[in-house]
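User: Please give me a close look at one surface side chain of this model, then follow the thread outward into the rest of the structure. I work in computational chemistry, so please include the cut-offs.

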Amino acid sequence: MAYVAVTGGQEAIAASIELLKEYRSEGELALEISVIRDRMSLLVDRIMSEAGLYAPDYAALALKQCEGSPEEAVFLLRAYRSTLPRNYTSRTVFGSDMHVRRRISAAFKDVPGGQILGPTYDYVHRLLDFDLKEEDEAELEAWREQVKQERREELDNTPDGASDGRIPRVLDMLRQEGLLEQVEQDTSEPCDVTMEKLPLPPPRSAVLQTLSRADTGYISGLAYGDIRGFGMAHPTVGELRYGSLEIEVDYPLGEGESWYVGEVCVTEVESLVSAKPGGDGIGIGYGCVFGRNDTKAISMSILDRALVLDTDSPTSDAEFVLLHGDCLEMNGFLSHLKLPHYVTFQSKLDSIRNKKRSAEHGTKS
Amino acid sequence: MDENKKQFSKVLASCSTEQLKSLAAPVMERHKVEILRAPAKTLVMIRMRETVANSDFYLGETIAAEAMVSVDGHKGFALMMGDDMEKALAAAVIDAVWNGNLAEKAEIAPKLQLAHQSMVQKEHEETARYAKTQVNFHVMEESYDNEAPQKTAQKGGGAQ
């Protein structure tokens, strides 16, 4: 059977795309991009993290364009990003410089700077709040203003004013005591997996970049599998912090000076685990992701450690972990299964028919 | 408003587009302004330090608007997160005023000083949003290990 070129379908495709527009615009109320950005911020965070692009307005636009599909939104952002030049790389950013909004430790009760819950769903009742069906925007606005006013009054009564939100790392206490495993410092230039194919075995920088932009569900599932029994023992969250980081670049018109570009919000985790499989000592797994996403950052720290430990667990297999979790790649590959495979499938049917005919012929003779 | 370039650029970023345009407008009227790098979007890759091996990795990119100008031969630059080209252009003009120490600096500086105060106030308010979520632990049971047995403990009802 030869290849057969087919045509047609363009009109159906155009009609399908038009139908998408109809689906996207169902109902009577317009969906403002600013509403998605401001009130669906955890979804926006997830899209930015998986796209590897911190751009809240554009992530919200992408979500509007694709009816809220995370995989489509990530695709749109990645595609747009590829049209832009990259003229700058930031100066190195340190998590210890974070303006902290949330900071907890499961390892220590008393930590310098205290445990700050910040905005978290950890302690809410998972009961549908039917009052939100009738939520009044004017009342909400008045409530927000009242809260702000009370806070301003509290600030005015604070003699030294508020801090800038910078607090020391929890694990620095253990570092100062020399209780943490020392990992050899990697001073090489970071690998950039957006510019080159992931090298195997991967350098540490490629591992962290790949995990940071991986699909949230994928790395959460792998991390769960790892701690449930396929990998290392139960980790302890030494510190989880969420907050904003200031991004600076070298100022091009003055040597040694820096220029402030803006701020990005990230979640950073240091997990405490065994230094060796089943052994003594304390090792650290590191996770850092765009936005407010505790689970993804914890999962990243678990997988980071699993890949360092190099055990027989599937989560210690760098190729398995790192090559199958990119939102765009995995959904793209799975999507291609919907494209016409007429020729290959017909060929398979022909083969089965031929075998059947041969078998029948053999029986008759 | 004569601090280092980082602080200066942070104050510019905290201003609204309209604020910066109104500060830059008189400069653009009175001086010869050349656009050296037209306002455009660019990616900025974020380089991050991790804590296990103290190595750097690329966290991800962000979008920023960049511009470079020359005001009477004095160069000015701006790179601001987002896609606000007008704001980046106005900021680059103001940066040129600072680099050239032009006369308009005296007019603009007090306004940027006010913007700086407003920015600091907002930063304090932002930090204060989270202060109340700090946990105060209360120890609910005390240990009597190092003390003489209490009456209740002798009866077997004390907390251990």
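Analyst:
**From one side chain outward**

Leu42(A) has a relative accessible area of 32% and is therefore partly exposed; that class lies between buried (under 20%) and exposed (over 50%), with a 1.4 Å probe and protein chains only. Please keep in mind that this is a predicted model, in which local features need pLDDT of at least 70 and side-chain atom pairs count only at pLDDT 80 or more, while totals for chains, interfaces and linings use all residues. Residues are numbered from 1 along each chain as its sequence is written, chains are lettered from A and ligands numbered from 1 in written order, and side-chain values use heavy atoms, leaving out hydrogens and water.

Leu42(A) has company: with Tyr121(A) and Val124(A) it forms a nonpolar surface patch of about 270 Å² of accessible area together. A patch takes residues with over 30% relative accessible area and no salt bridge, joining like charges within 9 Å and nonpolar side chains (Val, Leu, Ile, Met, Phe, Trp, Tyr) within 5 Å. The areas themselves come from the Shrake-Rupley method with a 1.4 Å probe, and for residues only the protein chains shown count as cover.

Leu42(A) sits in helix α3 of chain A. Helices (H or I, at least four residues) and strands (E, at least two) are DSSP runs numbered from the N terminus. Helix α3 (41-51) leads us inward, as the buried residues of α9(A) pack against α3, α8 (204-212), α10 (294-309), α11 (318-322) and α12 (327-335) of chain A. Contact here means heavy atoms within 4.5 Å.

Which residues of α9(A) are buried? They are Thr216(A), Tyr218(A), Ile219(A), Ser220(A), Leu222(A), Ala223(A) and Asp226(A). The geometry of α9 (residues 216-230) is easy to check: its 15 residues, at 1.5 Å each, should span 21 Å, and the end C-alpha atoms lie 19 Å apart, which agrees. The expected span is 1.5 Å times one less than the number of residues. At the start of this helix, a side-chain oxygen of Asp215(A) comes to within 3.0 Å of the backbone nitrogen of Gly217(A).

Charged pairs come next. The whole structure holds 39 salt bridges over all chains, each a side-chain nitrogen of Lys or Arg within 4 Å of a carboxyl oxygen of Asp or Glu. One of them joins Arg103(A) and Glu239(A), with the closest N and O atoms 3.0 Å apart. Arg103(A) belongs to strand β4 (residues 99-104) and Glu239(A) to strand β5 (residues 236-250) of chain A, so the pair ties together parts 136 residues apart in sequence. Both Arg103(A) and Glu239(A) are buried.

Elsewhere in chain A, Asp172(A) and Arg175(A) form a salt bridge at 2.9 Å, N to O. The two lie three residues apart, about one turn, in helix α7 (residues 172-177). Asp172(A) is partly exposed at 26% relative accessible area, and Arg175(A) is partly exposed at 27%. These two are also part of a salt-bridge network with Arg169(A), Glu268(A) and Glu270(A). Another pair, Arg152(A) and Glu145(A), meets at 3.7 Å, N to O; Arg152(A) is partly exposed at 25% relative accessibility, and Glu145(A) at 35%.

The backbone deserves a look too. Most residues other than glycine have a negative phi, and most peptide bonds are trans. Against that background, Leu200(A) and Pro201(A) are joined by a cis peptide bond, with omega about -5°; Pro201(A) is in the loop between α7 and α8 of chain A. Glu67(A), which is not a glycine, has a positive phi of about 60°. Glu67(A) is found in the loop between α4 (56-65) and α5 (70-81) of chain A and is partly exposed at 44% relative accessibility.

Chain B has a similar note to offer: Asp72(B), a residue other than glycine, has a positive phi near 50°. Asp72(B) lies in the loop between β2 (56-71) and β3 (74-81) of chain B and is partly exposed at 39%. Chain B itself has five helices and three strands, in the order α-α-β-β-β-α-α-α. Of its 160 residues, 47% are buried.

Notes: A polar contact is a pair of N or O atoms within 3.5 Å; within protein, one must be able to donate a hydrogen and the other to accept it, and residues adjacent in sequence count only if both atoms are side-chain atoms.
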